[in-house]
Amino acid sequence: MQNVVILENVVKRFKKITAVDNLCLQVHRGEIFGLLGPNGAGKTTTINLIIGLLKITDGHIDVLGFNPDKQAKEIRKHIGLVPQETNVYEDLNAMDNLQHHAALYCHDLRGLKKQIQEKLKLMDLWDRSREPVRNFSGGMKRRLALARTLLHDPEIIFFDEPTLGVDVQVRHNLWNHIKQQRARGKTFIISTNNMDEADQLCDRLLIMDNGKQIVEGSPLELKDNFGKDIITIKTNPVIIDTGDVLKHFKPDNIVQTNDGYTRFEIENGEELAGELVQTIKISYKLESIQIAKPSLDDVFLHFTGRALRE
Ligand SMILES: Nc1ncnc2c1ncn2[C@@H]1O[C@H](COP(=O)(O)OP(=O)(O)O)[C@@H](O)[C@H]1O
Ligand SMILES: [Mg+2]
């Protein structure tokens, strides 16, 4: 397995804020690697450090054998960036957007028309390529930004929040386009604060919070290694002293919602369910109980003590 990006103890400080705090990671060629964390976790800063848009405070970064602090120009030949804010020209049509980009960034303009056509077709935008981009939906603009990035055939594509501002219904479409590019050998480094995106799109994830690495692994590993079940109960009235009522089951990370639900983690949830129901019924009316394997939301809550909401 070849590592195309390596971060060793990377630190980025902006005056008092430590945006990236001792981060270590390796990205393998041909995978979709996700940085998952809430707003302000340090995802965009990490991407900007890797591509040499920001200077690192401490540590070391290697991108395809180059050092972004000294060889950012070299690195830019091999990478593409789709930034968090889609920066397409709203008044130009899709064709002209790509032509404009190529004129600025591509060294070799031979066969450009064919290239543009191919990329727009790949992203299912060819039929709309003569329309001003301001008519496009959020998902279409993200696809156009990806088409633009593919024009110079980069090895590694950085995609900052792929489906930010994209309707839930069309997210899968964009994910499929990204997966198609992975199948063609591209490596993706994406950032996201969306659990479904992390779960369904990424091969491996690094969960980060406050600039720090929380845990790393494939979505499946992260969920399987968790080792606990998630119990959600609804009682009438709401359990007031959860610690006392549930103490026999050694619950962890108890969260109660305003609408009367109590959620907690226990080991062997399936085996203990019967006993749990009996215990609760002594003092409360049990309206519902759900036993579930952990989701990435649960993994995040477990490690940070906070829920990750969009
Ligand atoms: N140019 C900057 N100057 C000062 N602080 C910054 C700058 N860029 C980012 N930050 C801070 O660094 C932290 C991480 O930000 P960012 O990398 O944008 O997070 P994310 O992309 O995960 O939402 C935040 O606290 C943010 O306010
Ligand atoms: Mg960001």
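In strand β9, Gln213 is the bridge partner of Met208, and this pair belongs to the five bridges that join strand β8 (residues 204–209) to strand β9 (residues 212–217) in the antiparallel sense. Strands, like helices, are DSSP runs numbered from the N terminus, with at least two residues (E) required for a strand and at least four (H or I) for a helix, and two strands pair if DSSP finds at least two bridges between them. Together β8 and β9 form a hairpin with two residues between them, and Asn210 in the turn has a positive phi of about 50 degrees.

This is a predicted model, in which local features need pLDDT of at least 70 and side-chain atom pairs count only at pLDDT 80 or more, whereas totals for chains, interfaces and linings use all residues. Residues are numbered from 1 along each chain as its sequence is written, and chains are lettered from A and ligands numbered from 1 in the order in which they are written.

**The chain as a whole**

The chain holds eleven helices and 13 strands, and its C-alpha atoms fill a box of roughly 80 × 45 × 35 Å along the principal axes. Of its 310 residues, 37% are buried, where buried means that 20 or more other C-beta atoms, placed from the backbone, lie within 10 Å of the residue's own, exposed means 12 or fewer, and partly exposed lies in between. Two residues are in contact if their C-beta atoms, placed from the backbone, lie within 7 Å; among contacts between residues at least 6 apart in sequence, 68% join residues at least 24 apart.

**The four-stranded sheet**

An open sheet is formed by four strands in the order β11-β12-β10-β13, with antiparallel pairing. Its edge strands, which each pair on one side only, are β11 (252–256) and β13 (285–292), and the twist averages 15 degrees from one strand to the next. Within this sheet, β10 (residues 229–236) and β12 (residues 261–266) pair in the antiparallel sense over six bridges, and Thr262 of β12 is the bridge partner of Ile233. Helix α10 (residues 269–283) lies across β10, β12 and β13, running at about 165 degrees to β13; such angles run from 0 to 180 degrees between N-to-C directions, and axes are lines fitted to C-alpha atoms, for helices over the stretch in contact. Asn236 is joined to Pro237 by a cis peptide bond with omega of about -10 degrees, and Pro237 lies in the loop between β10 and α9 (242–246).

**Surroundings of ligand 1**

The residues around ligand 1 are Phe14, Ile17, Ala19, Gly37, Asn39, Gly40, Ala41, Gly42, Lys43, Thr44 and Thr45, a residue being near the molecule if its C-beta atom, placed from the backbone, lies within 6 Å of it. At least two residues of this shell come from each of β2 (17–28) and α1 (43–50), and α1 gives the largest share, three residues. By class the shell has four nonpolar, six polar and one charged residues, with Ala, Val, Leu, Ile, Met, Phe, Trp, Tyr, Cys and Pro counted as nonpolar, Asp, Glu, Lys and Arg as charged, and the others, Gly among them, as polar.

**A helix pair**

Helix α3 (residues 94–105) packs against helix α5 (residues 138–150) at an angle of about 35 degrees, with their axes 10 Å apart. The contact is made by Ala94, Asn97, Leu98 and His101 of α3 together with Leu144, Ala147 and Arg148 of α5, and by class it has four nonpolar, two polar and one charged residues.

**Exposed loop residues**

Lys15 has a positive phi near 45 degrees and Lys250 a positive phi near 50 degrees, each in a residue other than glycine. The table sets these two beside Gly185 and gives the neighbour counts by which each counts as exposed.

| Residue | Loop | C-beta neighbours inside 10 Å |
|---|---|---|
| Lys15 | between β1 (3–14) and β2 | 5 neighbours, exposed |
| Gly185 | between α6 (168–183) and β7 (187–192) | 9 neighbours, exposed |
| Lys250 | between α9 and β11 | 12 neighbours, exposed |

The C-alpha atoms of Gly185 and Gly30 are separated by 5.2 Å, although these residues stand 155 residues apart along the chain.
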